[in-house]
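I opened this notebook page to keep track of what I looked up, one topic at a time. The entries run from the overall division of the chain to the ligands and then to one pair of helices.

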Amino acid sequence: MSLENITVLGAGSWGTALGIVLADNGHNVRLWSYNEEQVNEINNLKTNENYLPGIQLQENIRAYVDLQTALKDVETIVIAVPTKAIREVVQKVSKIIKTPKTLVHVCKGIEPDTLKRVSEIIREEMPDDLMKDLVVLSGPSHAEEVSRRQPTTVAVSSENIAAAEYVQDLFMNNNFRVYTNEDIVGVEIGGALKNIIALAAGISDGLGYGDNAKAALITRGLAEITRLGTKMGANPLTFLGLTGIGDLIVTCTSVHSRNWRTGNALGKGQSLEEILAEMGQVVEGVRTTKAAVQLAEKYNVTMPISSILYKVLFENLKPKEAVDELMSRRKTHEMEDITNMLGEVYKQL
Ligand SMILES: NC(=O)C1=CN([C@@H]2O[C@H](COP(=O)(O)OP(=O)(O)OC[C@H]3O[C@@H](n4cnc5c(N)ncnc54)[C@H](OP(=O)(O)O)[C@@H]3O)[C@@H](O)[C@H]2O)C=CC1
Ligand SMILES: O=C(CO)COP(=O)(O)O
């Protein structure tokens, strides 16, 4: 495959880790950050200590503070800023580029109130004639491990399978295996909602509950994600793949996860404000919990874990009381709703 200039917007942990993958594949990587000090550190010391401590960056990664220079002569733009910054960043890009580009977003969130997925936000902010293709990259992939070249698998999804295959080739190497999947709705919903369940799993661990509780949260979490996602038009089988159960497992069980760590500290009694101030990196699940509760209402689906987490995050419900409330819900059949979902699966086979 031909080598390219590729611009990565956002020099946080994920943007930098993906930059390392692309640089390993021989591409010229331009990391854009609005923080001049960080840009100087990346260019002069070849490190990004606040986001990926102990990692040495390659010579073919260069950082830029000027967006116009960062975007000069690129075909592909990777968007790796938090969901709340997407609109602003895409608007800035749309005012600079003159020819259509392939956009790859790697963000895991949903916008509260508008209830838009990230690809929908990008489509609203980027004129059609400036967007060649839009591709989502998602899956179980902590930046800390990717930057150390530990084996990782992800999926790329696009309405145009040829575009997904093109992005698959850009990123794929022997440490970073990339699959394609055409179900953008399922890929984005799985990636965004797993963060909510990871917050809940962290709370459970922080309270001192064990593996049984965590397995329950992962399994019942997957059930509520699938219930909502299917109503939104996703293929239920996607939730059994890398961007569904795969990402749910890694985020609920890893100390790398900012969402799990936030939940863990909440379970131990710290306040949300305090935790977020100390984290210094995005915790997407907090904002996505608001969106999920609104989506559950809109699509008329029950999402008990997301709903109870909303009360913990925004209504001062104590974590222990939240668990008691979850456990004492009315009795039900495990497969309630799932039979409907299976009907959808069979229709798609
Ligand atoms: N980290 C990971 O392992 C993974 C992350 N993701 C997803 O990738 C996305 C980015 O996450 P991640 O890199 O981890 O987050 P980080 O918090 O590590 O980094 C985000 C970067 O975006 C910058 N940024 C924030 N707001 C703006 C803005 N308005 N304009 C320009 N830059 C901005 C931040 O700068 P500053 O901090 O100075 O504000 C920071 O450099 C999230 O949606 C996350 O869920 C997906 C898979 C793995
Ligand atoms: O999405 C991720 C791993 O796949 C990263 O999760 P956190 O944002 O919780 O760190």
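The entries below record what I looked up in this predicted model.

**Domains.** I began with the division of the protein, which is split into domain 1 (5-182) and domain 2 (185-348). Taking the centres over C-alpha atoms, I found domain 1 and domain 2 to be 26 Å apart. I then looked up the contact between them, and noted that 27 residues of domain 1 touch 26 residues of domain 2. On the domain 1 side, at least two residues each are supplied by helix H5 (118-125), strand E6 (131-138), strand E7 (152-157) and strand E8 (176-181), and E7 gives the most, with four residues. I also wrote down the make-up of this side of domain 1, which has 10 nonpolar, 12 polar and five charged residues.

**Ligand 1.** I next asked which residues surround ligand 1, and of the 27 that do, Gly12, Trp14, Ala85, Cys107 and Ala143 come nearest. Helix H1 (13-24) and helix H4 (86-94) each contribute at least two residues to this shell, with the largest share, three residues, coming from H1. By class I noted 13 nonpolar, 11 polar and three charged residues around ligand 1. Both domain 1 (5-182) and domain 2 (185-348) take part, each giving at least three residues to the shell around ligand 1.

**Ligand 2.** I repeated the search for ligand 2, which has 13 residues around it, and the nearest of these are Ser141, Thr251, Ser257, Arg258 and Asn259. The elements that give two or more residues here are helix H8 (184-206), helix H10 (242-253) and helix H11 (258-267); H10 gives the most, with three residues. The shell around ligand 2 has three nonpolar, six polar and four charged residues, and it draws at least three residues from each of domain 1 and domain 2.

**A helix pair.** Last, I looked up how helix H14 (residues 304-314) packs with helix H15 (residues 319-327), and recorded an angle of about 155 degrees with the axes 10 Å apart. Because the angle is over 145 degrees, I entered H14 as roughly antiparallel to H15. The crossing of H14 and H15 is right-handed. H14 makes the contact through Pro304, Ile305, Ile308, Lys311 and Val312, and H15 through Pro319, Ala322, Glu325 and Leu326. I closed the entry with the classes in the contact of H14 with H15, namely seven nonpolar, no polar and two charged residues.

Technical notes: Residues numbered from 1 in each chain as written. Chains lettered and ligands numbered in written order. Predicted model: local features only at pLDDT ≥ 70, side-chain atom pairs only at ≥ 80, totals over all residues. Near = placed C-beta within 6 Å. Nonpolar A, V, L, I, M, F, W, Y, C, P; charged D, E, K, R; others polar. Domains from an automatic or database assignment. Axes fitted to C-alpha atoms, helices over the stretch in contact; angles between N-to-C directions. Parallel < 35°, antiparallel > 145°, perpendicular 65-115°, else oblique. Left-handed = near helix turned anticlockwise from the far one by under 90°. Contact = placed C-beta atoms within 7 Å.
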